[in-house]
Amino acid sequence: MSEATVDTSVFDGFRGAMRRMASSVSVITTVNGDAHHGMAATSVSSLSFSPPSLLVCINRNITMHDAVKMAGVFCVNILGETHGDVCDAFGGKLNGAERFTIGGWLDHDTGLRYLPDAAASIFCKLDATFEYGTHTICVGLVEKVILGEEGAPLLYREGGVGGFRRF
Ligand SMILES: Cc1cc2nc3c(=O)[nH]c(=O)nc-3n(C[C@H](O)[C@H](O)[C@H](O)COP(=O)(O)O)c2cc1C
């Protein structure tokens, strides 16, 4: 067995494997009254076109978890290559509403905050939840989409961000 394919424990192996997976970064926002919340997320995935739906997995220990459940709505903002600072802020560098000081956030008619220069902002109704381990799988029924900049995406891999290269 070569060094590159060395066997290891399931936990370490899985963590190492996931670190090697490049994922597009989004910021999920929600709102309860006047209180806006946001978090960085790589767990966003398209679910179905019938009905148009996506999923995001949210750790039950973080602020967004109960905030999204209470609000029943959320917005997925797909970050572009220029949004490294936004990713940092919403990934834990800043706390609470202070996170929205990074990036040109706007308030949509729905009350949800969105990033106009994101690749896209997808407004969802929380339609179903499934608890698994430490996380809740949240299914969003897509109600509105704003397509923004068509530029390169922001990717997360090996604990850091980078860009996309087409062959
Ligand atoms: C690039 C990146 C992707 C992340 N993806 C997720 C995710 O998909 N689900 C999740 O629960 N936390 C994810 N996190 C961690 C949350 O963003 C972080 O725990 C949250 O912002 C903490 O918020 P709080 O301090 O308000 O509770 C990610 C962090 C980073 C930096």
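Where does Glu158 sit, and between which strands? Select Glu158 to begin: its place is in the loop between strand 11 (155-157) and strand 12 (160-162). Please keep in mind along the way that this is a predicted model.

**Stop 1: Glu158 and the strands around it**

With Glu158 selected, look at its backbone. Phi is near 50°, a positive value in a residue other than glycine. Most residues other than glycine have a negative phi. Now switch on the surface: Glu158 has a relative accessible area of 38%, so the residue counts as partly exposed.

Next, colour the two strands that flank this loop. Strand 11 and strand 12 pair in the antiparallel sense, over three bridges. For one facing position, pick Leu155, which stands opposite Gly162 in strand 12.

Add strand 1 to the selection and you have an open sheet of three strands, in the order 1-11-12 and with antiparallel pairing. Strand 1 (23-24) and strand 12 are the edge strands, each pairing on one side only. If you display hydrogen bonds here, remember that strands of a sheet pair through backbone hydrogen bonds.

**Stop 2: the peptide bond at Pro51**

Move to Ser50 and Pro51 and show their backbone atoms. A cis peptide bond joins Ser50 and Pro51, with omega at about 5°. Most peptide bonds are trans. To place Pro51 in the chain, look at the loop between strand 4 (45-49) and strand 5 (52-59).

**Stop 3: an aromatic cluster**

Now show the aromatic side chains. The whole structure contains four aromatic pairs. Start with Phe90 and Trp105: their ring centres are 5.2 Å apart and their planes meet at 50°, so this pair is tilted. The pair links distant parts of the chain, with Phe90 in helix 3 (residues 84-93) and Trp105 in the loop between helix 3 and strand 7 (106-107), 15 residues apart.

Keep Trp105 selected and add Phe100. What is the geometry of Phe100 and Trp105? The centres of these two rings are 5.3 Å apart and their planes are at 80°, so the pair is edge-to-face. Ring pairs thus join Phe90, Phe100 and Trp105 into a cluster.

Are these rings buried or exposed? Phe90 and Trp105 are both buried, Trp105 with a relative accessible area of 11%. Phe100 is also buried, at 8% relative accessibility.

Before leaving, add Arg113. This residue lies over the face of Phe100, 5.1 Å from the ring centre. The side chain of Arg113 also meets that of Asp107 in a salt bridge (2.7 Å, N to O), so both partners are worth showing as sticks.**Stop 4: a salt-bridge network**

Stay with charged side chains. The structure holds six salt bridges. Select Glu131 and Arg60, whose side chains meet in one of them (3.7 Å, N to O). Glu131 lies in strand 9 and Arg60 in the loop between strand 5 and helix 2 (63-71), so this pair ties together parts that are 71 residues apart in sequence.

Which other residue should you add to Glu131? Choose Lys69: the side chains of Lys69 and Glu131 meet in a salt bridge (3.7 Å, N to O). Lys69 lies in helix 2 and Glu131 in strand 9, so this pair ties together parts that are 62 residues apart in sequence. Through shared partners, salt bridges join Arg60, Lys69 and Glu131 into one network.

Turn the surface on again for these three. Glu131 counts as exposed, at 52% relative accessibility. Arg60 is partly exposed, with a relative accessible area of 32%, and Lys69 is partly exposed, with a relative accessible area of 36%.

**Stop 5: Ala119**

For the last stop, select Ala119, in the loop between strand 8 (113-114) and strand 9 (120-132). At 25% relative accessibility, Ala119 counts as partly exposed.

What does Ala119 touch, not counting residues up to four places away in sequence? With those set aside, its contacts are Ile78, Leu147, Gly148 and Glu149.

Finally, draw a distance from the C-alpha of Ala119 to the C-alpha of Thr134. These two residues are 15 residues apart in sequence and 29 Å apart in space.

Technical notes:
Residues are numbered from 1 along each chain as its sequence is written. This is a predicted model: local features need pLDDT of at least 70, side-chain atom pairs count only at pLDDT 80 or more; totals for chains, interfaces and linings use all residues. Side-chain values use heavy atoms; hydrogens and water are left out. Rings of Phe, Tyr and Trp (its six-membered ring) pair if their centres lie within 6.5 Å; planes under 30 degrees apart count as stacked, over 60 as edge-to-face and the rest as tilted. Helices (H or I, at least four residues) and strands (E, at least two) are DSSP runs, numbered from the N terminus. Buried means under 20% relative accessible area, exposed over 50%, partly exposed in between (1.4 Å probe, protein chains only). A charge sits over a ring if NZ of Lys or CZ of Arg is within 6 Å of the ring centre and within 35 degrees of the ring normal. Contact means heavy atoms within 4.5 Å. Two strands pair if DSSP finds at least two bridges between them. A salt bridge is a side-chain nitrogen of Lys or Arg within 4 Å of a carboxyl oxygen of Asp or Glu.
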